[in-house]
Amino acid sequence: MIEPSGEEFPAENGPQLTPELAIANLQSPDLSLRYYAAWWLGKFRVKKADAVDALIAALQDEADRTELGGYPLRRNAARALGKLGDTRAVPSLIECLECSDFYVREAAAQSLEMLRDHSAASALIKMLDGGVAEAVQVPGLPHLTQPYEAVIEALGAINATEAIGLIEPFLEHPLPRVQCATARAMYQLTQNPIYGERLVQMLLVTDDLKLRRVVLGDLGAIGYLAAAEAIAQAKVENSFKLIALKGLLEHQLTDELDSLSISDDAIRVMNLMDSLL
């Protein structure tokens, strides 16, 4: 039996909620209502203080357990807290990095990436203990010993430059997705184009459609402008290309906020986006 890591599902498949009802349902004796409420609060970005408080409390839940010992409600609560953007959740999410459930640890790392709080750096760095040699698949399970992709991406997002020496060796990890996460983080931490180009080369040579989609997301997340044409020409659905190009454009325009004009590079990305519509 394999535990699923994805909790998202169409809203029409669940009960109709209001923010107040969803918050109340987090205390319901019906575990399915609690599980759905945590997802709903994140999906609809309910940034109320009592929603954040209730989700933080749900990170300690012991009632919703799977046969294999997973914590489904904790997973949904951790994911939701990243989407709500309240840094009050950071200490509790850091505690979740030591949870026995791999998917809780993964969700917590992903949310810490969204929250961009450098105070999480030391706990995330600890998860890289043992380096590449320890980053192996758990026997009988579909995941590695730690959620390395999420951890490394979080360290890049929070600008944990002190972790560069620990992150860089993961460029040689046997899994391409871990390599991509590492190149993404290394570019964010160093701004060295060699890491952006590594992602571009992965995009060009891989035959794996899912991996190409991942690489597009990475290039958009780091705003690697030199990849614009490669993104536009990638053998991937236009929707993924547009999301990646939008990421490039947002980075470029953010850098130009103090200017009254739009650069030629930004215009070039806009034209590429127009060509895909």
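Which residue forms a salt bridge with arginine 75, and how far apart are the closest N and O atoms? I started my notes there. The partner is aspartate 101, with the closest N and O atoms 2.7 Å apart. I should write down early that this is a predicted model.

**Entry 1: salt bridges**

I searched the whole structure and got 15 salt bridges. Arginine 75 sits in helix α4 (residues 72–84) and aspartate 101 in the loop between α5 (90–96) and α6, so this pair ties together parts that are 26 residues apart in sequence. Buried or exposed, I wondered, for arginine 75 and aspartate 101? Both turn out to be buried.

Next I looked up arginine 177. Its side chain meets that of glutamate 149 in a salt bridge, at 3.3 Å from N to O. That pair links distant parts of the chain, with arginine 177 in helix α11 and glutamate 149 in helix α9 (residues 148–157), 28 residues apart. Arginine 177 has a relative accessible area of 39%, so I put it down as partly exposed. Glutamate 149 has 25% relative accessibility, so it counts as partly exposed.

Then I went to arginine 213, which forms a salt bridge with glutamate 237. I noted 2.4 Å between the closest N and O atoms here. Arginine 213 is in helix α13 and glutamate 237 is in the loop between α14 (228–233) and α15; the two are 24 residues apart, and the pair links distant parts of the chain. The bins run from buried at under 20% to exposed at over 50%, with partly exposed in between. Arginine 213 is at 26% relative accessibility, so partly exposed is the call. For glutamate 237 I have a relative accessible area of 32%, so this one is partly exposed.

I also found a network of salt bridges, and it links Glu113, Glu153, Arg184 and Asp218.

**Entry 2: the second largest pocket**

How much space lies in the second largest pocket? I get about 330 Å³. Its lining has 16 residues, and those nearest the centre are Arg116, Arg184, Gly217, Gly220 and Ala221. The elements giving two or more residues to this lining are α6 (102–115), α11 (176–190), α13 (209–222) and α15. Which element gives the largest share? I checked, and α15 does, with 6 residues. By residue class, I split the lining into 6 nonpolar, 5 polar and 5 charged. Arg184 shows up twice in my notes: it is among the residues nearest the centre of this pocket, and it belongs to the salt-bridge network with Glu113, Glu153 and Asp218.

**Entry 3: a nonpolar patch**

I looked at the surface for nonpolar side chains. Leu253, Ile262 and Ile267 form a nonpolar patch there, and together they have about 230 Å² of accessible area. I placed isoleucine 262 in the loop between α15 (238–255) and α16 (264–276). Its relative accessibility is 45%, so isoleucine 262 counts as partly exposed.

**Entry 4: lysine 43**

Where is lysine 43 found? I located it in helix α2 (residues 31–43). Lysine 43 comes out at 39% relative accessibility, so it is partly exposed. I then took a C-alpha distance: lysine 43 and alanine 80 are separated by 7.1 Å, although they are 37 residues apart along the chain.

Note on methods. Residues are numbered from 1 along each chain as its sequence is written. This is a predicted model: local features need pLDDT of at least 70, side-chain atom pairs count only at pLDDT 80 or more; totals for chains, interfaces and linings use all residues. Side-chain values use heavy atoms; hydrogens and water are left out. Patches are made of residues with over 30% relative accessible area and no salt bridge: like charges are joined within 9 Å, nonpolar side chains (Val, Leu, Ile, Met, Phe, Trp, Tyr) within 5 Å. Accessible areas come from the Shrake-Rupley method with a 1.4 Å probe; for residues, only the protein chains shown count as cover. A salt bridge is a side-chain nitrogen of Lys or Arg within 4 Å of a carboxyl oxygen of Asp or Glu. Helices (H or I, at least four residues) and strands (E, at least two) are DSSP runs, numbered from the N terminus. Buried means under 20% relative accessible area, exposed over 50%, partly exposed in between (1.4 Å probe, protein chains only). On a 1 Å grid over the protein atoms alone, a cavity is a set of points where a 1.4 Å probe fits but cannot get out, and a pocket is an open set with protein on both sides within 12 Å along at least five of seven lines; lining residues have an atom within 4 Å of a point. Grid points are joined across faces, edges and corners, and a volume is the space filled by probe spheres set on the points. Ala, Val, Leu, Ile, Met, Phe, Trp, Tyr, Cys and Pro count as nonpolar, Asp, Glu, Lys and Arg as charged, and the others, Gly among them, as polar.
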